[in-house]
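Work through the exercises below with the model open beside you. Try each task before you read its solution.

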Amino acid sequence: MPDFSDAVVAPYFTPHNPGELWALATTPHPTLGQARHLGEALVQAKVLDAVALTESLKIQQAEREQGQQRSIGQILVEYGHVSPAQLQDVIGSWLGKHLVHPGQLVPDPVALALVPRAVAERESVLPLLAREDALVVLMADPADRALLDELRFLTQRRLIPLEAAPGTLMPAIANAYRTYPAATAKTPAIANHNGNEVRASSRELVSNLSSSLPDNDAVETDVVSESDNTLVRLINTVIEEAIAHRASDIHIETEPDPQNVRIRLRVDGELMSYLELPARFRYAMVARIKIMASMDISEHRKPQDGKIDFARFGGSAVELRVVTVPTSHGLEDVVLRLLAGAKPLPLEQIGLNKTHLAALREAVKKTYGLLLVCGPTGCGKTTTLHSVIRDINTEGRKIWTAEDPIEISQSGLRQVQINPRIGWTFAAAMRTFLRADPDVIMIGEMRDEETARIAVEASLTGHLVLSTLHTNSAPESVARLLEIGLDPFNFSDSLLAILAQRLVRRLCPQCATPLVLSQEPLERLASQYLSSGSPLQNTPEARTQLIERWRENYGSTQGEVRLWRAHGCSHCDQHGYRSRIGIHELMASDDTIREHIRHRAPAMEIRQSALLAGMRTLRQDGIEKALQGLTSMSEVLAATNV
């Protein structure tokens, strides 16, 4: 006997006004007993008799034997046993749901404002109506619990999901947000005394969260739920405020009760205290971040890694890399790295002096060879590489990049995200790129001998290869690559230049205070400058010539040479510094350097030859920038005290 399971797709309802929509969303629809199939449901609803059903099933069976595939609903309507309206009502009641066609229904602007357009388009959801604490949303799949949880956290509303008729959802979303372009709210807001909406700060939310709970003496600690609306808003607000403060990292540090949870931000390379929360929030806060990063919230003993696409939660278009670290007493710390999808800086704006800028551009003019940028973690190596690529990114060049993670995006590049868990390593990406007709290849980091060897081979076969290395100076980079097993002859032929760099905080131009140097401090500074290169060059004559050059290049109209100190003002949050600037050491390859590489000379010999060829050390470049008023000597000494 043929079954009834191939019923027509449930017909849709088209509400004409908010009242009809609200009634459709909130009025229970009784189901038709335990009917297994549509035919049984029609008979139970008394709109079809058993004889007509049997006849229609025979027709369906005969058509199937002839290769036709019509549903029982279509046959019943064609032979006049039921009307389309009757079929529609019974299917809706039988399934316990109705498909909704938005038709000419105009969504509520208040509802649209609760869900940003980017979220609506990405997740295929249309907010239709906001009433009291409820929000009616139209979805492709109302049973998607993960999406419902996300929308509940985002909107802070009780959700009433309805299923959209096929093919109607995306056009309705586009039309709704085009009609109300102002509906772009990203986080829930609170109303001020004038009735206008203002966004609560993190400190206000902490106060609200604390006041909403009983005193510690009355209840046990850690009673806050990770789904608490105020806690959800607090975490979103902390991330938004970290973005506004130009922070690179958010550190959430938990301590045993009764010590507070401490939140610190890393701004311009320095950690600063930002916010403290009562101890009762520690577990819920970590759990909420784990939920956002799709981590296992039940695992507290092992470290975990994850990522948060903040736009999915109604925030800015920022990705956060998350790591949890188990600490003592069964607690966990969380560190979030903000990856803002920044655009590359022009090469002139990363802090290179004129000599370095000209030499670097000369090196990357070549069609093949190897260019390395070295320095410790967080010193801006990736930013520099992307600035170099931006300078050579033309229509006639095919540029592949392999990065982990992709922090900077620019048009014209083919950027690849590395995933070592599935074997998609830097070395694997390099081998693939070489078969993809590249002109320029950028490798995020040379982590092993295989990657370095393939990079050198690629640079010798007609490709310009750029990469980074975790070493302290340009000469040390040569020694490190030889130590891991590179062939010295191939490496010497491929190397174009190595750029070492550090980041120092830039003085706030609004409040930096000058300090005029007398002759004795000038002599000491000149001696320090020359000694950081070759001590043999630190002679009285050399110091005198250097001071005269400083007076000519950086001196005031009276010939005074000045250094500058941080002071602090409202423009820099009283820190005295705002943003950062690079200091650099560029070693260009020449015949002498290549000979040193072939003979595996120690880093000290390579350094001396590079200095004789005119290389300026990191400290020397830093001192020059301090004399220009770009940074302070304390920053330079801290960055170059190796």
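Four exercises on helices and strands follow, all on a predicted model.

**Exercise 1. Helix α21 against helix α22**

Task: Find how the axes of α21 and α22 are oriented, and which residues make the contact.

Solution:
- Step 1. Locate the helices. α21 covers residues 591-598, and α22 covers residues 603-612.
- Step 2. Take the axes. They come within 10 Å and cross at roughly 175°.
- Step 3. Apply the cut-off. Angles over 145 degrees count as roughly antiparallel. Therefore α21 and α22 are roughly antiparallel to each other.
- Step 4. List the contact. α21 brings T592, I593 and H596, while α22 brings E605, I606, S609 and A610.
- Step 5. Sort by class. Three residues are nonpolar, three are polar and one is charged.

**Exercise 2. Helix α19 against helix α23**

Task: Describe how α19 and α23 cross, and name the residues that meet.

Solution:
- Step 1. Locate the helices. α19 spans residues 519-531; α23 spans residues 618-627.
- Step 2. Take the axes. The two come within 8 Å, with a crossing angle of roughly 150°.
- Step 3. Draw the conclusion. This makes α19 roughly antiparallel to α23.
- Step 4. Add the handedness. The crossing of α19 past α23 is left-handed.
- Step 5. Name the partners. From α19 come L525, Q528, Y529 and L530. They meet R619, Q620, I623, E624 and L627 of α23.
- Step 6. Sort by class. The contact has five nonpolar, two polar and two charged residues.

**Exercise 3. The open sheet**

Task: Trace the order of the seven strands and pick out the edges.

Solution:
- Step 1. Recall the principle. Strands of a sheet pair through backbone hydrogen bonds, either parallel or antiparallel.
- Step 2. Write the order. It is β16-β15-β17-β18-β14-β19-β22, with mixed pairing.
- Step 3. Find the edges. β16 (413-417) and β22 (577-588) each pair on one side only.
- Step 4. Check the turn. Neighbouring strands are turned by 20° against each other on average, direction ignored.
- Step 5. Zoom in on one pair. β17 (residues 440-443) and β18 (residues 464-469) run parallel, joined by four bridges. Here M442 stands opposite L466 in β18.
- Step 6. Link back to a helix. α23 lies across β19 (495-507) and β22, at about 140° to β22.

**Exercise 4. A stretch from the record**

Task: What is the helix and strand content of residues 434-448?

Solution:
- Step 1. Read the annotation. An unreviewed UniProt entry lists this stretch under "domain: Bacterial type II secretion system protein E".
- Step 2. Read the content. Residues 434-448 are 0% helix and 27% strand.
- Step 3. Check the span. The end C-alpha atoms of the stretch are 18 Å apart.

How values were computed:
Residues numbered from 1 in each chain as written. Predicted model: local features only at pLDDT ≥ 70, side-chain atom pairs only at ≥ 80, totals over all residues. Heavy atoms only, no water. Axes fitted to C-alpha atoms, helices over the stretch in contact; angles between N-to-C directions. Parallel < 35°, antiparallel > 145°, perpendicular 65-115°, else oblique. Contact = heavy atoms within 4.5 Å. Nonpolar A, V, L, I, M, F, W, Y, C, P; charged D, E, K, R; others polar. Left-handed = near helix turned anticlockwise from the far one by under 90°. Pairing = 2+ DSSP bridges. UniProt positions renumbered as here; feature names shortened; annotations may be inferred.
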